[in-house]
Amino acid sequence: MTKDKNTAEEFINHEEILASMAHAAEKSRDRAYVESLLDKAALCGGLSHREAATLLEVEDPEVIEKIFNLARKIKERFYGNRIVMFAPLYLSNYCINGCTYCPYHSINREIPRRKLTQEEIRREVIALQDMGHKRLALEAGEDPRHNPLEYILESIDTIYNTHHKNGAIRRVNVNIAATTVENYRRLADAKIGTYILFQETYHKQNYEALHPTGPKSDYAYHTEAMDRAMLGGIDDVGLGVLYGLSTYRYDFIGLLMHAEHLEERFGVGPHTISVPRICSASDIDKDDYSDGISDDLFCRIVAVLRIAVPYTGLIVSTRESQQVRTRVLELGVSQLSGGSKTTVGGYTDPQQAEETAQFDVSDNRTLDEIVGWLLSTGHIPSFCTACYREGRTGDRFMQLVKSGQIANCCAPNALITLKEYLQDYASPAVKQEGLKMIASQLEFIPNLKVKEVAQRHLQAIEQGKRDFRF
Ligand code: SF4
Ligand code: SF4
């Protein structure tokens, strides 16, 4: 059921983005129209890129507060107070691309290059398991000699097959360079979770200037990667732009057009959207990028995304400080990384030179500290990985989310996986707070049967059993 307009320049149409920017600038001052958009968005069916761009352009503080309130309501309705936890795992910083904003670019001679062996990966995974992680985002530069797909596939296998005490990595999301349909098929066969690929910027001219060398310099090949991933059988894909590389308005609209294209062509929009901002590291200074965005604007982007694509998970990494993460949590973010190391080998070698980091981490707290903080702010840290293990991916997943039925899985799974964390990894103080949270939240599970089964699983976890899921 494929349709036309499948080339990058067709589905990310430059003229349409410019026209949408002009439309948003004009219509954002039309209070009645903006109110009608908020009414439409309140029905939780999402907004078009033009409509969302208009909301993002609003300057009236009263209306901005309404946007924030609606984002909070939508977040509450679809995601409740649950926050899914994950950590990145850097396999290799060898890269043949020339991305000017990333310290792994090929001509950076300051950064020590490193690639983990399978034994080193096993040790990193054990360290991550000992923190309590169950979900990883695997990261590697593009380098067919050092990091061929075979290396990535072998590493995924090592990760899934590493078990230490009660630890297990149950979902490996993969963030590697754009590749062929055939290679995506091999990744799908390796049972990856989400395939993540940031577009960086949708602005073709800027993209080409920011990617002067290497395979990634091909705008069309990069932009059409998610289409190939889906054709290769990967149901869940994660989009993102790196805010600061181009004007945020352009990239915000481009991102939503990309999501609309995937929905139109494959019947499934992106599983997740990440919202990274440019960070300093090694030979990269974020102040060199004049399109950087303020914290306030960042919060507005998160809120309007939450309204525009209510069914898509929103991810914020440790690039952001505790203060900013606190603000965006309530506005729509549903996944957070915690205790992250953005260095190759950083989980087992704390002395590992920080100069191998892809970006500077702003939130340096341990996972236990982040879990404690989330609990203290009324959130349930969730280590759930149930959906793709139960085959709830792609359109099947989206149907459950759209009907609201997914909450019958997310809520008990959050409590069960939190209980595992508390039993196996939490500090005494966090354990105490977590147990209180579980007891209070059990009461909110409306379905009596689900509640009863969840209670049984919680007791079984105390007796040493693991890995229950709805
Ligand atoms: Fe390589 Fe990715 Fe960094 Fe570009 S952004 S230099 S592709 S690791
Ligand atoms: Fe995510 Fe599915 Fe778990 Fe809900 S049940 S938290 S959607 S994996």
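This note goes through the strands, two helices and two ligand shells of a predicted model.

1. **Strand β1, cover.** Start with β1 (82-92). This strand is mostly covered, with 11 of its 11 residues buried. Three pairings of β1 are taken in turn below.

2. **β1 with β9 and β8.** β1 pairs with strand β9 (residues 380-382) in the parallel sense, over 3 bridges. V84 has S382 of β9 as its bridge partner. β8 (335-337) is also a neighbour. It runs parallel to β1, and 3 bridges join the two. Here F86 is matched with S337 in β8.

3. **β1 with β2.** The pairing of β1 and β2 is parallel too, over 5 bridges. S92 stands opposite A140 of β2. Between these two strands the chain passes through helix α6 (residues 118-131), and the β-α-β crossover is right-handed.

4. **β2 with β3.** Strand β2 (residues 135-140) also pairs with β3, in the parallel sense and over 5 bridges. L136 sits opposite V172 of β3. The route from β2 to β3 runs through helix α7 (residues 149-160), and this β-α-β crossover is right-handed. Strand β3 (residues 171-175) is itself mostly covered: 4 of its 5 residues are buried.

5. **Helix α4, an enclosed helix.** Why is helix α4 (residues 49-57) described as largely enclosed by the rest of the structure? Because 8 of its 9 residues are buried. They are H49, E51, A52, A53, T54, L55, L56 and E57. Look at the listed residues by name: H49, E51 and E57 are among them. The cover over the buried residues of α4 includes α2 (14-27), α3 (31-41), α5, α12 (248-266) and α13.

6. **Helix α14, a one-faced helix.** In helix α14 (residues 322-331), the buried residues are R325, V328, L329 and L331. Viewed down the axis of α14, these residues fall within an arc of 165°, so they line one face of the helix. The general geometry is worth recalling: an α-helix has 3.6 residues a turn, so residues three or four places apart point the same way.

7. **What α14 packs against.** The buried residues of α14 pack against two helices, α5 (61-79) and α13 (295-308). They also pack against the strands β1, β7 (313-316) and β8. Just after α14 comes G332, with a positive phi of about 150°. Note that α5 and α13 also appear in the cover of α4.

8. **Ligand 1.** Which residues are around ligand 1? They are C95, N97, C99, C102, Y104, H105, G141, E142, A177 and K216. By class, the shell divides into 5 nonpolar, 3 polar and 2 charged residues.

9. **Ligand 2.** The residues surrounding ligand 2 are V84, S382, C384, T385, A386, C387, I406, C409, C410 and N413. This shell splits into 7 nonpolar and 3 polar residues, with no charged ones. Which helix gives the most to the shell? That is α18, with 3 residues. α16 (386-389) and α18 (407-424) each supply at least two.

10. **A link back to the strands.** V84 and S382 both belong to the shell around ligand 2. They are also bridge partners, V84 pairing with S382 in β9. Inspect that pair together with ligand 2 when viewing the model.

Terms used. Residues numbered from 1 in each chain as written. Chains lettered and ligands numbered in written order. Predicted model: local features only at pLDDT ≥ 70, side-chain atom pairs only at ≥ 80, totals over all residues. Buried ≥ 20, exposed ≤ 12 C-beta atoms within 10 Å, placed from the backbone. Pairing = 2+ DSSP bridges. Right-handed = clockwise from strand over helix to strand, strands pointing away. Near = placed C-beta within 6 Å. Nonpolar A, V, L, I, M, F, W, Y, C, P; charged D, E, K, R; others polar. Arc of directions from axis to C-beta. Contact = placed C-beta atoms within 7 Å.
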